[in-house]
Amino acid sequence: MKQLYIAILLHSILSIHSLQAQGAPETDSLMSHIRHAMHFNRVVPQEKVYLHLDNMGYFENEQIWFKAYLTRTDTGRPSDLSKVLYVELLNMSGDVIKTTKWPVDSLGQSHGDMKLDSLLGSGYYEVRAYTRYMTNWGANACFSRVVPVFKKPKEEGDYSDLTITTRLFRHRDPNNRDRSDSLYLKAMEEGVNGGELAKTISAQFFPEGGKMIMGKRCRVAVMVVDDNGHPYEAEGHVVSASGDILAAVSTDSLGRDVFEITPDGGTMTMQMRNKKKGDGRAVQSFELPRAEQEGCSLSMDVVSDDMLATIQCSDGMKGRTLGCVLMHNGNIIYCDTMSASPLTEIELDRSRQKPGVSQFTVFDTDGRILAERMFFICPPKDTKGHVTVTSKTDRLKPCGKVSLTLSAQPNSTLSFSAIDGETMTNGMQGNMNTWMLLSSDVKGYISNVDYYFEADDTEHRKAADLLMLTQGWRRYDWELMSGQKDFDRPQPVEDKFYVFGKLNAYRKRNPPCNVALEAYLYNESGQSLTGKTKTDSLGHYAFELPFLDGEWKMQIYTRLNEKRKTYYVGIDRQFSPAPQFVSREASRILHPLKPNMFVRSPLAEEPDEEEFIPITKKNHVLQNVTIKAKRRYFTNDNWRYKDESYGRAYATLYYDIDKERDDLLDTGKDTPDIFTFLCMRNSMFNSSGFEGKSTFANDSATIDYTRGISYGGRPIKWIVDNGETACVLVTRSELSDELLKPMSSVIGSHISSASLFADEIPAGCSNRGRMLLDPFFPIWMEEIKHLYIVPNSPKELNGAVRVYLYTHKKFTTESQKGLRRTYFQGFNKPSTFQMEDYSVIPPMADFRRTIYWNPNVRTDKDGKARVEFFNNSTCQEMYISTEGMSDDGEILVGE
């Protein structure tokens with residue numbers, strides 16, 4: 001692999017030297033862009049990360065176990081850059097439910113787990129992984145996979161009820177995901193008619209090379225989806241403005257097709273209808289993008305063994321000097337110059353192309369892209385990257401020992417998972433090989449990604465070509481690499497822990513320059529450390545920290561001229577990528593995989609054996625146990641109104657207000673009141689108001705109002721510490737004498753002194769804190785601890801939305817001058833996979849779905865590794881999932 005990389009690099013250098021020998025000014029300009037791109041990829045190489053998960057689907061309160069493999073794209077070897085990995089869990093609305101931080105070792109590997117114990121119900125969840133450095137290239141550069149999480153079984157071990165409660169998040173929860181590129185949403189918007197979806201489709205066109213040029217033959221790919229976001233099989237024609245048929249179109253099962261046309265500058269329309277006869281055969285029309293008068297058209301034959309790139313230039317570009325480059329993983333493996341002409345052909349030897357995604361770019365002397373496209377080369381079939389599993393155990397027994405032997409490359413690291421075949425709830429498409437070579441360079445979800453790796457024949461090449469035409473994503477931006485775009489605010493390579501940011505002035509007379517900062521960190525174990533620094537002329541500062549574990553309290557003191565002065569202390573740590581759109585195809589249940597180990601033959605006779613009786617059905621002598629916690633006894637009922645299970649019961653959204661407030665302070669600004677925050681954070685909250693009526697909980701007063709805060713156009717019932725309040729917010733200007741009179745018994749005569757939080761209210765009171773909440777009376781975020789939103793409460797027959805607010809037990813508005821209190825999150829501590837040792841204790845009822853997980857299986861010098869574990873009490877067939885990587889970056893995947 002190293003020799004191949006050196007050969008490619010030498011080929012690029014020789015090509016560049018031959019170009020320099022020409023000496024023309026236009027050639028020198030092209031050369032400068034190529035040199036800049038090569039230097040950029042050496043100085044700013046990208047990283048890729050892949051997560052091997054222990055299972056394909058989960059139930060509430062289970063644990064997701066994962067192993068991460070981080071590589072450098074320029075070398076294909078384990079990354080020696082980032083030492084910190086972030087793994088997040090997101091719901092379908094795009095809210096980050098959990099963020100975890102894990103160390104990366106010298107082999108570019110990491111492992112950890114996430115407990116699914118804080119979810120607001122079942123549903124589809126996105127597992128996302130990235131390094132801070134990767135965020136410079138956006139969310140598409142991150143690893144992403146959607147997994148189903150089913151409702152917790154009613155009875156332990158009964159996994160037959162695969163229920164997912166979507167909670168209608170698409171209609172009653174805000175959607176924070178990027179929807180700018182979503183064909184499904186375009187169909188939704190075009191299909192809305194009277195509040196219901198019409199039978200409509202949406203089409204998107206992808207001219208090969210990026211644009212159509214008048215008078216030049218061009219291939220155009222098309223993708224069609226229906227109003228539910230599913231691929232649409234349709235047929236039709238492309239017609240000119242005069243009605244002439246230019247091309248026939250027939251989309252496949254994935255809603256894709258490609259056709260050839262020669263645009264003349266006039267309007268072209270695609271007319272489509274459903275392939276199936278019967279209802280829904282109405283013809284729908286879509287206008288193609290307009291062809292440009294000047295430019296270059298690029299067409300590539302990537303199906304034949306002799307690959308050919310055809311470049312057609314318009315008459316206005318004739319004679320201009322152009323450049324072209326072929327890049328793979330950011331490395332330039334071919335470059336050349338040409339004189340623009342009506343037809344230029346460049347031959348590319350397919351056998352010399354590297355497996356994976358490459359991109360071919362044509363550019364001018366200013367570095368601007370004239371035409372560009374991507375293509376995929378299927379890796380050859382070999383056994384070098386395979387992991388084979390052989391069993392030394394004849395058959396599975398309840399709680400019996402299982403012994404397996406793994407064979408792979410010598411001195412390699414593997415992650416191993418054994419899954420109960422009968423409890424598999426979902427299928428899986430792809431592995432480390434498909435992610436590293438294809439999925440990580442393609443935008444969106446790839447349906448049946450394994451298909452593109454099955455064979456390297458004409459059929460599979462055509463399918464891969466159509467995929468690259470419709471879903472290709474430029475991981476390597478030529479204009480950025482060649483210096484035409486600025487690399488703004490790059491996030492650093494996080495090889496250590498850093499705290500850096502910017503001070504903003506709290507008062508104009510105290511500028512943020514040359515301010516002394518002192519950071520003091522401490523944890524629950526009594527450990528502490530300090531650091532000192534000063535801001536520069538613009539108020540920027542930075543601290544370097546050693547690697548820490550767990551959460552640390554952090555206090556940052558600011559002093560100017562030896563005196564404490566208050567500043568807005570901003571911290572640059574809000575770099576979590578924007579959540580990307582998740583299609584309907586990505587969030588669906590796949591057919592479960594078939595077991596691949598200990599598969600039972602239906603004709604085989606089961607040998608007689610002693611009946612299995614779990615420990616719960618007969619008497620056994622238990623081992624010594626250690627008490628980890630004592631039962632909690634309460635001396636009063638004060639805890640009841642703080643019990644957040646009331647708010648969590650039917651909630652679909654949850655906000656950790658302490659963290660949200662800290663995130664806002666990180667921007668270097670002050671925090672708003674809780675009502676302003678909700679309107680900023682959640683688009684469903686609307687302060688412009690609506691018309692309607694609201695009643696107090698005891699029906700003692702009825703309020704007509706025209707303004708206030710609503711949720712999706714519906715009234716809100718605010719519940720503080722499990723006590724109901726009035727369900728409407730009105731402004732002070734709307735409070736009249738007539739309005740105040742019937743309310744006096746509820747909120748008292750002094751509205752201005754009404755407090756939202758009254759510690760003296762009796763604990764457990766069902767109507768705790770009835771009062772009018774005034775949005776002009778500030779309720780600060782620091783007063784609230786947690787907040788839950790229940791859009792579909794079964795207790796609200798009138799459609800009101802319940803918002804549960806839980807306050808801090810002790811709260812003070814006092815603040816110290818020149819001090820910001822916050823936290824610093826160190827590394828999470830990975831859990832140890834729990835499994836009973838049935839060699840020392842008798843069998844018991846054991847319903848592990850993931851029977852065994854080991855993220856660090858190491859092969860010896862002969863490429864062998866032995867894995868031993870105990871079965872659960874019910875498994876009779878297993879699915880074994882094994883993936884790994886050699887020390888030099890070779891991908892290893894189980895057969």
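**A tour from helix H9 to strand S47**

At the start of H9, select Asp656 and Asp658: a side-chain oxygen of Asp656 comes to within 3.3 Å of the backbone nitrogen of Asp658. The model on display is predicted.

Next, select the whole of helix H9, residues 657-666. Its buried residues are Ile657, Glu660, Asp662, Asp663, Leu665 and Asp666. To see what covers these buried residues, add strand S35 (653-656), helix H10 (674-681), strand S42 (784-790) and strand S44 (819-825), together with strand S34 (567-571); the cover includes these five elements. Just after H9, pause at Gly668, where phi is positive, at about 85 degrees.

From the cover of H9, follow S34 into its sheet. This is an open sheet of 3 strands in the order S31-S28-S34, with antiparallel pairing. Strand S31 (540-545) and S34 are the edge strands, each with a single partner, so one side of each has no neighbour in the sheet. On average, neighbouring strands here are turned by 25 degrees against each other, direction ignored. Now select strand S28 (residues 497-505) with S34: the two run antiparallel and are joined by 5 bridges. For one position along this pairing, select Asn504, whose bridge partner in S34 is Tyr568.

The last stop is Thr882, in strand S47 (residues 878-886). Is Thr882 buried or exposed? Thr882 is buried, because its relative accessible area is 4%, under the 20% cut-off. Display its surroundings: beyond its neighbours within four places in sequence, Thr882 contacts His52, Val387, Val389, Leu406, Leu414, Ser415, Phe416, Val893 and Gly894.

Key:
Residues are numbered from 1 along each chain as its sequence is written. This is a predicted model: local features need pLDDT of at least 70, side-chain atom pairs count only at pLDDT 80 or more; totals for chains, interfaces and linings use all residues. Side-chain values use heavy atoms; hydrogens and water are left out. Buried means under 20% relative accessible area, exposed over 50%, partly exposed in between (1.4 Å probe, protein chains only). Helices (H or I, at least four residues) and strands (E, at least two) are DSSP runs, numbered from the N terminus. Contact means heavy atoms within 4.5 Å. A polar contact is a pair of N or O atoms within 3.5 Å; within protein, one must be able to donate a hydrogen and the other to accept it, and residues adjacent in sequence count only if both atoms are side-chain atoms. Two strands pair if DSSP finds at least two bridges between them. Axes are lines fitted to C-alpha atoms, for helices over the stretch in contact, and angles run from 0 to 180 degrees between N-to-C directions.
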